[in-house]
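Colleague: I should like to examine how the terms applied to this protein are justified. Please set each value against its criterion.

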Amino acid sequence: MPVPELAAKKVRSEDVVLPPKPIAAFDGAQGQSKVSQQPQAPHQRVSTTQQSPPESESDDNSIAVPANQSCRRKGCHAISSAKTNSSRDDEVCVHHPGHPLFHEGSKGWTCCKRRVLEFDEFMKIEGCKRKKRHLFIGSSKKDSGEETMMTLRHDFYQTPTVVIASLYLKKIDKGRAKIVFLSPTMLTVDLPTTDNKRYKADIPLFGQIDTTQSTSKIMGTKLELTLVKLNGASWPTFRSDEQATSEILQIGNAGKA
């Protein structure tokens, strides 16, 4: 396929409910996407309100905090010292309860509005939430064996016909992974890894896709999704519950109406 010319387009996505299509599911053992012939339930609107990922528990007061421990909360750069255990009542943890958002060069957090271009500037964005005491060691509860990943870093680019999205997670177990295109606006993933981690989520998509033509591919460090658009509209975000950036970049020229 010839490489289309680069052009910037701003296109409004129409809110259209389409008839249900067959479900396309990823067969982890074969590494290919397959189309299920089972009938699909009528399309329903899905609430796309995204809640911030739950924070870890507070530090266990019965365990001494070692020196030079970094706070586990995102965006907080506090480091413990030898004096940390003597008094912690004055600690204030300034952090981000959301997760990092990287989209077409813009960088920020889902929990606040500020966006920057350089990664160094992104690391300096001050937290938008305050909490008493830092989280240096967490709880002493026994580990359940499998670590649940609440969020994954992702990015995407697009042409007039497809969206190529990447969910970054290393060592995904191809034999157990499940990727299902539930509807034109909903994707569900279950991604266990060989090093005892797991990411499982329903992902509301910004635009509508052809579930029979969309595919997925597991790579060494990520899951790559090729989502075939049902129309030529540009996607300002990958997920419908993300905050849009100020500009939309699209590779290629949108088709004429």
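Modeller: Let us begin with confidence: pLDDT is the predictor's confidence in each residue, from 0 to 100. This is a predicted model, in which local features need pLDDT of at least 70 and side-chain atom pairs count only at pLDDT 80 or more, while totals for chains, interfaces and linings use all residues. Residues are numbered from 1 along each chain as its sequence is written, and side-chain values use heavy atoms, leaving out hydrogens and water.

Colleague: What is the mean pLDDT of the protein?

Modeller: The mean is 76, and 70% of the residues reach 70 or more. Over residues 3-20, however, pLDDT stays under 50, and it also stays under 50 over residues 32-55. The model has 35 contacts beyond four places in sequence for residues 3-20, where contact means heavy atoms within 4.5 Å. For residues 32-55 the corresponding number is 52.

Colleague: Which elements have the lowest and the highest mean pLDDT?

Modeller: Strand β1 (residues 6-7) has the lowest, 42, and strand β16 (residues 222-228) the highest, 96. The protein has one helix and 17 strands; these are DSSP runs numbered from the N terminus, helices being H or I of at least four residues and strands E of at least two.

Colleague: Why is D190 called buried?

Modeller: Buried means under 20% relative accessible area, exposed over 50%, and partly exposed in between, with a 1.4 Å probe and protein chains only. D190 has a relative accessible area of 13%, and therefore counts as buried. R198, at 22%, is partly exposed. Of the 257 residues of the protein, 40% count as buried.

Colleague: What makes the contact between R198 and D190 a salt bridge?

Modeller: A salt bridge requires a side-chain nitrogen of Lys or Arg within 4 Å of a carboxyl oxygen of Asp or Glu. The closest N and O atoms of R198 and D190 are 2.8 Å apart, so the criterion is met. Side chains of opposite charge can pair when their charged atoms come close.

Colleague: How many salt bridges are found in the whole structure?

Modeller: The search finds four. Among them is R176 with D173, at 3.0 Å from N to O; R176 is partly exposed at 39% relative accessibility. Another joins E224 and K222 at 3.6 Å. Here E224 is partly exposed at 22%, whereas K222 is buried at 16%.

Colleague: Why is C111 not bonded to C128?

Modeller: A disulfide is a pair of cysteine sulfur atoms within 2.5 Å. The sulfur of C111 lies 3.4 Å from that of C128, its closest cysteine sulfur, and is therefore too far for a bond. C111 is partly exposed, at 26% relative accessibility. The whole structure has zero disulfides. C76 is likewise in no disulfide, the nearest cysteine sulfur, that of C93, being 3.7 Å away. C76 is buried, with a relative accessible area of 11%.

Colleague: How do you know that β6 and β7 pair?

Modeller: Two strands pair if DSSP finds at least two bridges between them. Two bridges join β6 (residues 106-109) to β7, and these strands run antiparallel, so the criterion is satisfied. G108 stands opposite R115 in β7.

Colleague: What makes β5 and β7 edge strands?

Modeller: The open sheet of three strands has the order β5-β6-β7, with antiparallel pairing. β5 (100-103) and β7 (115-116) each pair on one side only.
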